[in-house]
Amino acid sequence: MASSLDFVTYVCDQISDAGEITYKKMFGEYTIYCNEKPIGVVCNNQFFVKKTKAGIDIYPECEQAAPYNGAKAHFLIDHIDDRSFITKFILATYQELPLPKKKKNTSSKEV
């Protein structure tokens, strides 16, 4: 079941105090970015955030689950309505995650 855009925009609004929040649709689901770093995904109208030590320190009892078959376990966030808590959680997660690797430009080939 694909996630609804209404849910995605609600999640993004709730975490917007953590930085510049954007999303990108991928295969019917959505990747969520904070200041251009991918921090999680929305799958089946559930918000999954990448696991970090900071996340465990802030929310040790958080359920962990894979957002889709073959994915690593993520935090399954159920405190989306608590804006100050989720902002603190996302900001700490963002600070711990590395910047995404630059993709090599494969479109220009030498002949």
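This is a short tour of the salt bridges in this structure, with a last stop at I56.

Before you click anything, know that you're looking at a predicted model, where local features need pLDDT of at least 70, side-chain atom pairs count only at pLDDT 80 or more, and totals for chains, interfaces and linings use all residues. Residues are numbered from 1 along each chain as its sequence is written, and side-chain values use heavy atoms, with hydrogens and water left out.

**Stop one: R83 and D13**

Select R83 and D13 and show their side chains. They form a salt bridge, with the closest N and O atoms 3.5 Å apart. (A salt bridge here is a side-chain nitrogen of Lys or Arg within 4 Å of a carboxyl oxygen of Asp or Glu.) This pair ties together distant parts of the chain: D13 sits in helix α1 (residues 5-14) and R83 in helix α3 (residues 83-96), 70 residues apart. Helices are DSSP runs of H or I with at least four residues, strands are runs of E with at least two, and both are numbered from the N terminus.

Now switch on the surface. D13 is partly exposed, with a relative accessible area of 41%, and R83 is partly exposed too, at 28%. (Buried means under 20% relative accessible area, exposed over 50%, and partly exposed in between, using a 1.4 Å probe and protein chains only.)

**Stop two: add D17**

Keep R83 selected and add D17. Here's another salt bridge, with the closest N and O atoms 3.4 Å apart. It also links distant parts of the chain, as R83 and D17 are 66 residues apart. D17 counts as exposed because its relative accessibility is 56%. Show D13, D17 and R83 together and you have a network of salt bridges.

**Stop three: helix α2**

Next, pick D57 and K53. Their side chains meet in a salt bridge, 3.1 Å from N to O. About one helical turn separates D57 and K53, because they are four residues apart in helix α2. On the surface view, D57 counts as exposed at 52%, and so does K53 at 55%. By the same distance rule, the count comes to three salt bridges.

**Last stop: I56**

Stay in helix α2 (residues 53-58) and select I56, which has its place there. Is I56 buried, partly exposed or exposed? At 39% relative accessibility, I56 counts as partly exposed. To finish, draw a C-alpha to C-alpha distance from I56 to K102: the two are 28 Å apart in space and 46 residues apart in sequence.
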